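Colleague: Thanks for sharing this one. Could you walk me through what you computed from it?

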Amino acid sequence: MDSPSKHLCMFLIFHTLAVLAGLVWGNQETIWTLSRGALTAQPSPRIVALAKPKKDFSKHQCSSGWETMIWERPPLVDFGFPSDRLLKLSEPKKCQAAYLQQRPRQSPEWPVSPAALSYKASPRILELARPKVLHPEFLMDREVSKFAQEAIASPRTLELARAKRLHPDYVPLRDAEWPVTKAAKHAVATPRLVELAQPCKRPPMGSVQFNPDAFTVKEAAKKATCSARIQELARPIKH
């Protein structure tokens with residue numbers, strides 16, 4: 001019996017005993033006294049197997065048979081000093097000697113010269129340093145004048161205001177699927193169409209390979225003479 005089924009059975013048994021004994025919520029003691037039978041009961045092998053503690057997975061056995069343990073952190077790891085190797089790896093990367101020779105200055109901070117500190121800007125620089133000022137006649141929310149509201153557009157303005165039109169001969173793209181007309185549904189094919197619609201008939205390869213005259217050249221083909229056009233087309237391409 002699996003664990004969920006066992007718990008369900010135990011719950012039903014205790015619930016039935018509680019109903020028969022007349023127990024309701026609040027009138028029973030929190031700690032029940034163990035009966036004599038429970039004190040002298042012997043656990044079954046299954047209960048003994050389930051009562052075993054969980055296996056310690058901190059130790060695992062290798063395929064070779066030797067047991068290896070996961071290393072625990074030593075207690076003084078937080079207060080230890082770094083090794084020489086860690087100190088060497090923690091040093092910043094040094095610049096190459098060729099770069100240091102070509103670098104114009106040793107520090108990224110540029111010293112300001114005394115002439116720049118005591119420099120006085122010219123009137124032109126002061127004028128260019130001023131922020132852009134709005135036009136004195138600029139208004140944030142200007143009202144449209146009465147003349148602009150009653151203005152009549154000229155014929156040229158009306159012509160330019162028209163949207164671009166399509167060409168008179170323009171035909172829009174047709175859908176990939178269109179309905180078949182009634183005339184096409186009731187159309188009758190002519191004898192010529194029926195003749196052209198028949199597939200090309202070729203003898204099967206099984207009968208061709210047993211026919212000794214299948215690949216013989218006819219006498220008329222042997223005596224045929226090429227026309228001037230065929231001879232012209234048969235010439236190789238000259239590069």
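Modeller: Happy to; a few questions and answers on surface and salt bridges follow, and please keep in mind that this is a predicted model.

Colleague: What share of the protein chain's residues count as buried?

Modeller: The protein chain exposes about 26,100 Å², and carbon and sulfur atoms supply 62% of that area. To count as buried, a residue needs under 20% relative accessible area. Of the 239 residues, the share that counts as buried is 0%.

Colleague: Is Leu 134 buried or exposed?

Modeller: Leu 134 sits in the loop between α7 (123–129) and α8 (146–149). Together with Phe 138 and Met 140, Leu 134 makes a nonpolar surface patch of about 370 Å². Its relative accessibility is 59%, and the cut-off is over 50%, so Leu 134 counts as exposed.

Colleague: Which residue meets Arg 124 in a salt bridge?

Modeller: Side chains of opposite charge can pair when their charged atoms come close. Here the N to O distance is 3.6 Å. Both partners lie in helix α7, three residues apart, about one turn of the helix. The partner of Arg 124 is Glu 127.

Colleague: And how far apart, N to O, are the side chains of Lys 222 and Glu 219?

Modeller: These two are three residues apart in helix α13 (residues 219–222), so about one helical turn separates them. Lys 222 counts as exposed, with 55% relative accessibility. A salt bridge needs a nitrogen within 4 Å of a carboxyl oxygen, and for Lys 222 and Glu 219 the distance is 3.8 Å.

How values were computed: Residues are numbered from 1 along each chain as its sequence is written. This is a predicted model: local features need pLDDT of at least 70, side-chain atom pairs count only at pLDDT 80 or more; totals for chains, interfaces and linings use all residues. Side-chain values use heavy atoms; hydrogens and water are left out. Patches are made of residues with over 30% relative accessible area and no salt bridge: like charges are joined within 9 Å, nonpolar side chains (Val, Leu, Ile, Met, Phe, Trp, Tyr) within 5 Å. Accessible areas come from the Shrake-Rupley method with a 1.4 Å probe; for residues, only the protein chains shown count as cover. Helices (H or I, at least four residues) and strands (E, at least two) are DSSP runs, numbered from the N terminus. Buried means under 20% relative accessible area, exposed over 50%, partly exposed in between (1.4 Å probe, protein chains only).
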